[in-house]
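Reader: I am new to reading protein models, and I would like to learn how to look at one feature after another. Could you show me the model and take me through it?

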Amino acid sequence: MFSEITLDHFIGTAGEIARLDLPEACAIRLKSLGLFEGQYVQLARSGNPMIVKAAGGKIAVAGDIAKGIYMRVAHS
Amino acid sequence: MSTSVDSTESDHLGTSGQKKSGDKVVAMLGNPNVGKTSIFNRLTNLLAKTSNFPGTTIDRRIGRVELSDKKSITLVDLPGMYSLEATSPEEEVARDFVLGQSDEAPDAVLIVVDATNLQRTLFVARQALQQSRPTVVAVNFIEAARRRGIEIDLNILSRKLGCPVVGVSARTGEGFDRLKSQLAIVLAGPALPLLIQGGSPECPPTPAENVLTVISDDESCGSCRVCPFADGHLWAAALARESIRDGSVVSDETADRVDQFLTHRFIGPVVFAIVMVLAFSLVFSFAQVPMEWLDNGFGMLATWVSRFLPEGDFQSLVVDGIIGGVGGVMVFLPQIFILFFMLAILEDSGYLARAVVVVDRWMRRVGLPGQAFVPLLAAHACAIPAIMATKVIENRRDRLAAIMVIPLMTCSARLPVYTMIAAMLFPSNPMYAAILFASAYVLGMVAAFAIAFLLKLTILPGEPSPLILDLPPYRAPSIRNALRYAYERGWTFLRDAGTVILMISIVIWALSTYPKLSDERFADEMASRSVAVEQLSESELDGVRAAADQEHAIIGRLGRVVAPVFEPLGFDWKISVGVMTSFAAREVVVSTLSILYGLGPEPEEESSLQNRLQAAKYPDGSPVFTTATCVSLLVFFVLAMQCLPTQAVTKKETGSWKWAAFQFVYMTMLAYAAAFVAYQTISLVS
Ligand SMILES: Nc1nc2c(ncn2[C@@H]2O[C@H](COP(=O)(O)OP(=O)(O)OP(=O)(O)O)[C@@H](O)[C@H]2O)c(=O)[nH]1
Ligand SMILES: [Mg+2]
C-alpha cells in the first residue's frame, strides 16, 4: 500500500513524486524542470526554500511550492 | 546580474550585426545557461552579456556570421527556455520565434545542449526537433565534460536525433569550424528526415506523439501515461545514458556539500555577508590608486593647458568648464570598471543563485521575491540593466515592486557624490570615510526594503509568488568575459561622460559666466552693500569679484529662485543649482559644483575640489559645508530619483508613464523629507 505526503513534510533523502497540486503555471514550470508525476527526486536541502535534485538538475523551491508536491510513501 | 543592456534588437545591430536581406536565418535555442550567448558571441564576434545565471539573455539578439563557404547567415540568439510550454514572457519570445509564430520563421535551428548535463538539456531539444526544421545540435561545454571524464558518443547522438551533432566549446573555440560547415550543409541541402516523429509530413504523428507538441489545458498531465513532460524527460534520460560512452560520470557530491554549506541556515547568511563586504571593499581598495592617478592627471592637464592658453574666457571654458567638469566625473572610471568586473565574476561562479536561496526568506517578508535579489544587486552598478533584469520575475506584482525600489540602491553614478562628501567630512580619515560609504549603501537598501513593504501594504497588495529557481552548477568564472563586460560598461560610462556631462558642463560654465558684470556695476554693487573695496587685499578682492560675477550671471539668478526650496536642507544657492542640474544624471552635481566653486581665484596650494568646497563661505563668513549640510546632501543623493535614462526604462518595462512618475515623485519626496530631518537634527545637536 502507498500513501502520499507533501514534500515539506517528507522525511528521507529520496523519493518519487506522486502528483502535483499547484496552479497551472507553477506546475508547468516544475514539469519542464523535470519534476513530474512519477519522477524520482533527491533532497539536497530541507527547510525553506528546499533544494531537490532531479533530471540532472538542481532546483530550489519555496515552502509554498513544496506544499503542493505530493510524494509517494510506502505504508509500513 | 542577469542583464543585457541593449535589450531591443535595433539597439545592437552594429555593422556586423546588420541583417542582410537574402541571408538565411538561424535561431539558437536551448535551456537557459547552456552557453548560447557565448557561442553566439564567438560566431559573430559580438560582445553580448553572458553569465552563469539562468535568464541572462532577455530579448533576442541578431548577428551576422560568415560561414566557411563565403556565404553568410543571420544568427538569432534567444532567451533560454526549459520547454516550449512557455510560462514566462521571455520564454514566449523564444517560443514564438522558433515556432514561426512571429513575423518571420527561421530557416534552421541551432540547438545548444550542455555536455555536462545532457539529460536536462536534451528535453527542450526534443521539443524543438519536432518542429522538423533543418537542425544542427551543438553539444557545448565539451572541454568541461572531458575534464570531468564524461565522454559523449556524438555519432550515437546524431543517429538518434536525426541531425548533425557537433561537439563545441565556447570557452576554447573547439569545434567551431565544424559547426559552421554543418550549418552550411544543413542550410544548403534538403531537410533531413527526422527520426523523432512529431510533425514531419511523411510520418503522421500518433495521438500520443501529438500530445508532445501541443497540450491543451484540460489535458495537461491528468494521467502521466501520456504526460509529455514525463515522456520527454524519460527519453532524454535514456538518450543521455546511451550516448555517454564512459559511464563513470563523476558524482557531484562536492557541489552538494558546498551547497549545504552556502545555503545553511546559520552559516549561509554569514558567508553571504562576508562575500558582499569583501567584494565591495575590494572594489574600493583596488580603485584607490588608479583614481589618484587620474585625479592628478587631470590636475596636471589643467595646469598645463592654462599655461598655453591665453588668459580669458576661452581658457576658463577649457580649464574650468571642460577639464574641471568632465574630469571630476571621469576619475570614477576605475571604481566603476572594478565594480562591474566583480559582479560579473560573482555571478559567473554560480554563487549568486545560492545567495538567492539564502535571502529569499527575508525578502519575501517585505514583499519581494527571491528572484529580485540579483537585479537588486546589479542595481549597485546601474539601475538600468537591473530594471531590465527583472524580466526573470514572472509575476507582475512582484516585478513592479522590484522595479519601484531598484533605483534606491547605490548605483555607480552616486559614487562621485559620496566620495566628494566623504572627502569633505573626513579628509584624513579613510576609516571614517569607509564607514560613511557603507552607511550610504545601507541607507539605500533599508529604504528599498521599507518602501517595498509599504507598497505591499498599499498599492501592490499580495504575497510574492513562491520561488522556483534552477541552480546552475559551480563554474570557474571566466576572467576574459568579466574583463570584456567591465570594459563595455566602463566604455559606456566614458561615452556618457564625454557627451552628456561634457555638454552640461559647458552649459553650466556658460550660464555661470554670462552675462558679465561690468566694472561700474561691480563698484556700484559694492558701494550699495557698503563694502570698503579699498581695504581688501588683492586676493580677497578677486574672491569678492568672482562671487559677484557669478551672482550676476544667469545661474546666480536661477539659483536665487530655487534656493528657498532647498534652504531647509542646508543647501546654498550653488548646491541648489547642482541639485537641479543633477536631475538629468546625478553625477553631474560634482561637475556643476566643481565649476561653480572652481571659477575665480585659485586657492593657494592645491586646488582640488575638496579644498575649494571646504573653503566655501557664506557672505557672513560661516562655512557652507557644515557637517549637517554634508550629511543632508548625502542623504538626498542616496534617495532621490535623479536619472532620466532610468525613468525611460521604467516606463518601457512597466508599460506606462504612470509608474515612472510615481517612482520619481515618491523618491524625490522621500529624499527631501529624509534630508530635511537629517539637517535639522544634526544642526540641533551641534
Ligand atoms: N567551461 C565552459 N564554460 C562555458 C562554455 N560556454 C559557456 N560557458 C559559460 O557558461 C555560462 C553561461 O553562458 P551563456 O552564454 O550566458 O548562456 P546562455 O545559454 O546564453 O544563457 P541564458 O541567456 O541565460 O539563456 C557562462 O558563465 C559562460 O562563461 C564552454 O564551452 N565551456
Ligand atoms: Mg544568453
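Author: We will go through the chains, the domains and the nonpolar cores in turn. This is a predicted model, in which local features need pLDDT of at least 70, side-chain atom pairs count only at pLDDT 80 or more, and totals for chains, interfaces and linings use all residues. Residues are numbered from 1 along each chain as its sequence is written, chains are lettered from A and ligands numbered from 1 in the order in which they are written, and side-chain values use heavy atoms, with hydrogens and water left out.

Reader: How many helices and strands does chain B have?

Author: Helices (H or I, at least four residues) and strands (E, at least two) are DSSP runs, numbered from the N terminus. Chain B has 28 helices and seven strands, and 55% of its 686 residues are buried, where buried means under 20% relative accessible area with a 1.4 Å probe, counting protein chains only.

Reader: Which domains does the assignment give for chain B?

Author: Domain bounds come from an automatic or database domain assignment. For chain B these are domain 1 (24-199), domain 2 (269-457) and domain 3 (503-514 + 534-685).

Reader: How many residues of domain 2 of chain B are in contact with domain 3 of chain B?

Author: Contact means heavy atoms within 4.5 Å, and by that rule 43 residues of domain 2 of chain B are in contact with 42 residues of domain 3 of chain B. Buried area is the accessible area (1.4 Å probe) that two parts lose on being put together, summed over both; for these two domains of chain B it is about 3700 Å², with 75% of it on carbon and sulfur atoms. B:Met404, B:Met420 and B:Met424 supply 17% of the area that domain 2 of chain B buries against domain 3 of chain B, more than any other three residues.

Reader: Where does the largest nonpolar core lie?

Author: A nonpolar core is a set of buried Ala, Val, Leu, Ile, Met, Phe, Trp, Tyr and Cys residues joined through side-chain atoms within 4.5 Å. The largest one has 134 residues, and those with the most contacts inside it are B:Phe373, B:Ile421, B:Phe625 and B:Phe636. Helix 18 of chain B (residues 430-457) gives the most to this core, with 10 residues. Domain 2 and domain 3 of chain B both give residues to this core, so it lies between them.

Reader: Which residues does B:Phe625 touch?

Author: Leaving out residues up to four places away in sequence, B:Phe625 touches B:Met424, B:Ile575, B:Tyr597, B:Leu613, B:Ala616, B:Cys630 and B:Leu633.

Conventions: Buried means under 20% relative accessible area, exposed over 50%, partly exposed in between (1.4 Å probe, protein chains only).
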